[in-house]
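Trainee: I have a structure to read and little practice. Can we go through it together, feature by feature?

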Amino acid sequence: MSAPFHASVLTLYPDMFPGPLGHALAGRALQKGIWRLDAVNIRDFATDRHRTVDDTPAGGGPGMVLKPDVLARAIDATSPPDDARPRLLMSPRGEPLTQALVREFASQPGLVIVCGRFEGVDERVIEGRCLREVSIGDFILSGGEPAALCLLDAVVRLLPGVMGKQESGEHESFETGLLEHPHYTRPREWEGRSIPDVLLSGNHVEIERWRQQQAERLTRKRRPDLWEAWWQRQQAGQEDDAQG
Ligand code: SAH
């Protein structure tokens, strides 16, 4: 077996890990050794008597900033210069996390993930240690830990051997460029609502057509941005076909 995917998370709250990632799919994969996770306590790299990790922002203003010297020591101890793993900083200013980015991360030997706290981290450590900033959405969390948990959850399920072949995830929302169609299971009637007839018809061509229509309908209604991009790609594809 190839070396396990190796995630190192730098945090002031190492007890938050593996947390939810110790359960279910990711937890089983962790037990099987498909991936490993180290939570590194940034505070262990503070050198003063009070183990200080933060200081007031230069130029004034509210809150505190993670000190560059302490954080850099934690990064250097965790990820030496020849470490092939990308170094990420969870940050609302970062590039938005997408399924494409998740796939890119899943193809790496692992990840080093810095979790910010307070107002954030000193800009110089982002530059000096080449941290790639990644955001999980346009909202503000109180710390990077829940963001790192989300990112790792999404990455781990794509690692070889984590999901079965059938559930390989190729039909999920975002993989096709569309949101996924609705799902149903037994009972056939529930609180006066029935499963759409076509799904019980056994006609696989019709079922596929229905699912595709539903996916398009939901995407157009809920995510005009995705719909626009998908539509452009379809048009481009048709032109390519026409040109042979
Ligand atoms: N002052 C910052 C927010 C700090 S929130 C700003 O306005 O941009 C504290 C920490 O939580 C951040 O350093 C980051 O690590 C994490 N965080 C907050 N929101 C996030 C998001 N949407 N995605 C990823 N990390 C986030």
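Trainee: Where is the place of Pro-187?

Mentor: Start with how elements are named. Helices (H or I, at least four residues) and strands (E, at least two) are DSSP runs, numbered from the N terminus. Pro-187 is in the loop between helix 5 (145-156) and strand 8 (189-190). Keep the source in mind too. This is a predicted model, where local features need pLDDT of at least 70, side-chain atom pairs count only at pLDDT 80 or more, and totals for chains, interfaces and linings use all residues. Residues are numbered from 1 along each chain as its sequence is written, and side-chain values use heavy atoms, with hydrogens and water left out.

Trainee: What kind of peptide bond joins Arg-186 and Pro-187?

Mentor: The general idea comes first. Most peptide bonds are trans. The bond between Arg-186 and Pro-187 is cis, with omega about 5°. The bond from Phe-17 to Pro-18 is also cis, and its omega is near -5°. Pro-18 lies in the loop between strand 1 (5-11) and helix 1 (24-32).

Trainee: And phi? Which sign does Arg-51 have?

Mentor: Most residues other than glycine have a negative phi. Arg-51 is not a glycine, yet its phi is positive, about 55°. Arg-51 sits in the loop between strand 2 and strand 3 (54-55). Glu-191 is not a glycine either, and has a positive phi of about 50°. Look for Glu-191 in the loop between strand 8 and strand 9 (193-194).

Trainee: Is Glu-191 buried or exposed?

Mentor: Learn the cut-offs. Buried means under 20% relative accessible area, exposed over 50%, and partly exposed in between (1.4 Å probe, protein chains only). Glu-191 has 62% relative accessibility, so Glu-191 counts as exposed. Arg-51 is at 37%, so Arg-51 is partly exposed. Trp-35 is buried because its relative accessible area is 1%. Trp-35 is in strand 2 (residues 35-41).

Trainee: What does the side chain of Glu-133 contact?

Mentor: A polar contact is a pair of N or O atoms within 3.5 Å; within protein, one must be able to donate a hydrogen and the other to accept it, and residues adjacent in sequence count only if both atoms are side-chain atoms. The side chain of Glu-133 makes such a contact with the side chain of Ser-91, at 2.8 Å. Glu-133 is in strand 7. Its relative accessibility is 18%, so Glu-133 counts as buried.

Trainee: Now the ligand. Which residues come nearest?

Mentor: A residue is near a molecule if one of its heavy atoms lies within 4 Å of it. There are 19 residues around the ligand, and Met-90, Gly-116, Glu-119, Gly-137 and Phe-139 come nearest. Now take the polar backbone atoms. One of Met-90 is 2.6 Å from an oxygen atom of the ligand. One of Gly-144 is 3.4 Å from a ligand oxygen. A backbone N or O atom of Leu-141 lies 3.0 Å from a ligand nitrogen.

Trainee: Which elements give two or more residues to the shell around the ligand?

Mentor: They are strand 5 (87-96) and strand 7 (132-135). Strand 5 gives the most, with three residues.

Trainee: How many residues of each class does the shell have?

Mentor: Ala, Val, Leu, Ile, Met, Phe, Trp, Tyr, Cys and Pro count as nonpolar, Asp, Glu, Lys and Arg as charged, and the others, Gly among them, as polar. The shell has nine nonpolar, eight polar and two charged residues.
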